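Please open the structure in a viewer and keep the sequence panel visible beside it. The tour proceeds by selection, with a short account of what is found at each stop.

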Amino acid sequence: MNQEDYTFFREHGYLRLGNILTDGELAHYTAIFDRDWAEERERWYLAPVHQMINCDALVSSPEVDGIIRHPKIIKPVRALMGEEVCFSEICIRHMAAYDSPEVHRSWHRDKPHWEEHRLRIGYLQAVVYLTDVDETTHCFSISPESANQEVLDVEGQLERGGIHDLHGAAGTAMLFNVSVLHTATVRKTEAERKSVQTYYGHPHREFLSNDSLVPASLWRDHPDAEVRSFYGVLNDKTREYYEKLPPEEHC
């Protein structure tokens with residue numbers, strides 16, 4: 001990561017990575033997404049702001065590991081967070097066409113800022129668009145915030161930082177500190193939005209959530225010790241799953 005990108009993230013709390021997927025990769029991961037949407041619908045559930053999500057995508061579609069550990073994502077993640085990072089959560093997300101003329105946003109911060117970190121990053125998220133996103137579609141939105149600024153309530157932050165809608169062609173990725181105010185923006189559109197959204201954490205800190213089940217093929221049985229370590233900060237959901245099932249039923 002160059003100094004300009006690092007400075008931008010420090011001053012705004014997010015960074016556009018540009019289009020990180022080749023045409024072949026985009027076709028590959030879109031096909032995986034579409035297969036999961038068609039064949040694994042029991043794993044998908046309704047989330048706030050007009051979204052259906054599957055947070056067990058590593059089980060239903062383990063190929064998403066290729067996006068989670070994509071070199072064009074993981075390198076800047078480490079540059080911002082520190083070399084030791086771990087998997088925390090993944091949600092593949094589908095936003096359907098929307099008929100209402102009213103734009104809808106639900107502003108929130110996923111976690112408090114981690115003040116001990118130089119950029120106050122406790123957890124970082126990568127958003128990868130698998131469809132074209134522009135001013136006529138649903139999009140991800142953020143209210144930029146410097147790592148040195150006072151943390152304000154929603155109203156105060158929106159007044160200070162404003163709203164930045166992040167657009168890009170299919171294959172575009174961006175990183176943001178999940179403690180910075182953000183939302184999905186829902187607007188009237190005939191277009192679907194498909195995205196892969198991965199959360200990264202620090203391995204010496206507590207896991208982010210109990211949303212994603214991590215397969216034993218990654219955290220226990222993978223031949224690469226670095227991969228086992230990356231997936232090795234297990235949430236309670238994963239621990240309880242493997243404690244209850246006999247070994248022959250482990251995924």
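The stops below run from a helix start to a disulfide, then to strands and salt bridges.

This is a predicted model, in which local features need pLDDT of at least 70 and side-chain atom pairs count only at pLDDT 80 or more, while totals for chains, interfaces and linings use all residues. Residues are numbered from 1 along each chain as its sequence is written, and side-chain values use heavy atoms, with hydrogens and water left out.

**Stop 1: the start and end of helix 1**

Select residues 3-12, which form helix 1. Helices (H or I, at least four residues) and strands (E, at least two) are DSSP runs, numbered from the N terminus. At the start of this helix, a side-chain oxygen of N2 comes to within 3.2 Å of the backbone nitrogen of E4. Next, select G13, which follows helix 1 and has a positive phi, near 85 degrees.

**Stop 2: the cysteines**

How many disulfides does the structure hold? It holds 1 disulfide, a term that denotes a pair of cysteine sulfur atoms within 2.5 Å. Select C55 and C91: these residues form the disulfide, with their sulfur atoms 2.1 Å apart. The link of C55 and C91 is right-handed, with 85 degrees about the S-S bond. C55 belongs to the loop between strand 3 (51-54) and helix 3 (57-60), and C91 to strand 4 (residues 86-95), so the pair ties together parts that are 36 residues apart in sequence.

Are these cysteines buried or exposed? C55 is buried at a relative accessible area of 2%, and C91 is buried at 1%. Here buried means under 20% relative accessible area, exposed means over 50%, and partly exposed lies in between (1.4 Å probe, protein chains only).

Now select C86, which is in no disulfide; its nearest cysteine sulfur, that of C91, is 16 Å away. C86 is buried, with a relative accessible area of 1%. C139 is likewise in no disulfide, and the nearest cysteine sulfur, that of C91, is 18 Å away. The relative accessible area of C139 is 0%, which makes C139 buried.

**Stop 3: strand 11 and its partners**

Select residues 193-201, which form strand 11. Of the 9 residues in this strand, 9 are buried, so strand 11 is largely enclosed by the rest of the structure. R193, S195, Q197, Y199 and G201 point one way from the strand, whereas K194, V196, T198 and Y200 point the other way.

Add strand 4 to the selection: strand 4 and strand 11 pair in the antiparallel sense over 9 bridges. Two strands pair if DSSP finds at least two bridges between them. Within this pairing, E89 stands opposite Y199. Then add strand 6 (residues 123-129), which runs antiparallel to strand 11 and is joined to it by 7 bridges. Y123 stands opposite G201 in strand 11.

**Stop 4: a sheet of 4 strands**

Which order do the strands of the open sheet take? The order is 5-10-7-8, with antiparallel pairing. The edge strands, each pairing on one side only, are strand 5 (104-105) and strand 8 (164-166). Select strand 10 (residues 182-186) together with strand 5: the two pair in the antiparallel sense over 2 bridges. The bridge partner of H104 in strand 10 is V186.

**Stop 5: salt bridges**

A search of the whole structure finds 13 salt bridges. A salt bridge is a side-chain nitrogen of Lys or Arg within 4 Å of a carboxyl oxygen of Asp or Glu.

Remain at the sheet and select D165 with R105: these residues form a salt bridge, the closest N and O atoms being 3.3 Å apart. D165 lies in strand 8 and R105 in strand 5, so the pair ties together parts that are 60 residues apart in sequence. D165 is partly exposed at 22% relative accessibility, and R105 is partly exposed at 26%.

Add R187, which also forms a salt bridge with D165, at 3.4 Å between the closest N and O atoms. R187 lies in the loop between strand 10 and strand 11 and is buried, with a relative accessible area of 12%. Elsewhere, select R109, E115, R120 and E145, which are joined into one network by salt bridges that share partners.

Finally, select D56 and K237, whose side chains meet in a salt bridge (3.1 Å, N to O). D56 is in the loop between strand 3 and helix 3, and K237 is in helix 9 (residues 236-244), 181 residues apart. D56 is buried at 13% relative accessibility, whereas K237 is partly exposed at 27%.

How values were computed:
A polar contact is a pair of N or O atoms within 3.5 Å; within protein, one must be able to donate a hydrogen and the other to accept it, and residues adjacent in sequence count only if both atoms are side-chain atoms.
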